[in-house]
Amino acid sequence: MASRLRRYIEAFGLIKGAEIYGKSKYGRREFRLTIPGFRGTLLLRGKTSDRLTFQKIFVDGEYRFDLGYTPQTILDGGANVGYSSIFFAQRFPQALIIAVEPEATNFRLLCHNTAGYPNIRPVQKALWPRRTHLAIENVAGQPDAFRVTECPTVDACTIPTCTIDDLLREAGAQQLDLLKLDVEGAEKELFEDPGRESWLAKTRAVIMEPHDWFKPGCTEAVEHAIAGRGFRRSQIGENLLLIRESPLRPV
């Protein structure tokens, strides 16, 4: 516990760090946090994965990597409650950040948390290789671990999908400077689909967490898709970081 508290103090200062640590660790209901240097208030649900997500992003800095350039278009796939989108928006204020989150309760918090950032565009859909509808298969799971599956019927509980190309086209973006993926195994479908050739050719960097432990073949699908495309690999905690070293190919 002492080492975790120390990390919060190092990140936010003695008084604020201790306050945020105490609220995030012992809070049992939904509550608000203010973070030095960030706009507005953040909602966090006590006794849920929100605490770990908050810690990984704002305390441990899992997205504090160097791309070697300043991104203009960022797609946050699996944006959850918006912490990663806020981190990117604060670091790259000139970038458009498309924050995609399918689950309704997460999306409610995402909209609140990102309201102070006009460069964040929330989208309540699920990233998928094609347009269809999905259902959450583990509705009792933690908020950062919802998994989706294709649903043959459409009802009030199903979620519409969007493709990466759809989002880039709607944003008028010619390239994708950073694709962040934390989509609980859906990366396998995204990278296996032949349609990846279109959006991957426009992508300069990917930061993603593979989920082979419950969906075997995720990393294999990624490795096969990026072969010969000039990406440099590095590992940052649980995340695989891919940065393109060769120029983008004309589409």
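Begin by selecting Cys157, which is exposed, with a relative accessible area of 66%. The model on your screen is a predicted one, and the distances quoted along this tour are computed from it. Now add Cys151 to the selection, since it holds the cysteine sulfur closest to that of Cys157, and the two sulfurs are 9.1 Å apart, which is too far for a bond. A disulfide needs its two sulfur atoms within 2.5 Å, and the structure holds zero disulfides.

Next select Cys218, which is in no disulfide either, the nearest cysteine sulfur being that of Cys162, 19 Å away. Is Cys218 buried or exposed? With a relative accessibility of 0%, Cys218 counts as buried.

Leave the cysteines and turn to the aromatic rings, which form 12 pairs in this model. Select Tyr63 and Phe88, whose ring centres are 5.4 Å apart and whose planes stand at 40°, making a tilted pair. This pair links distant parts of the chain, with Tyr63 in the loop between helix 3 (50-59) and strand 3 (73-77), and Phe88 in helix 4 (residues 83-91), 25 residues apart. Tyr63 and Phe88 are both buried. Keep Phe88 and add Phe87: their ring centres are 6.2 Å apart and their planes lie at 75°, so this pair is edge-to-face, and Phe87 is buried, as is Phe88.

Then select Tyr8, Phe12, Tyr21, Phe38, Phe54, Phe58 and Tyr83 together, to see a cluster linked by ring pairs.

Finish with two arginines. Select Arg147 with Phe214, where the charged end of the arginine sits over the ring, 5.0 Å from its centre, and then Arg204 with Tyr69, where the arginine lies over the ring face, at 3.6 Å from the ring centre.

Note on methods: Residues are numbered from 1 along each chain as its sequence is written. This is a predicted model: local features need pLDDT of at least 70, side-chain atom pairs count only at pLDDT 80 or more; totals for chains, interfaces and linings use all residues. Side-chain values use heavy atoms; hydrogens and water are left out. Rings of Phe, Tyr and Trp (its six-membered ring) pair if their centres lie within 6.5 Å; planes under 30 degrees apart count as stacked, over 60 as edge-to-face and the rest as tilted. Helices (H or I, at least four residues) and strands (E, at least two) are DSSP runs, numbered from the N terminus. Buried means under 20% relative accessible area, exposed over 50%, partly exposed in between (1.4 Å probe, protein chains only). A charge sits over a ring if NZ of Lys or CZ of Arg is within 6 Å of the ring centre and within 35 degrees of the ring normal.
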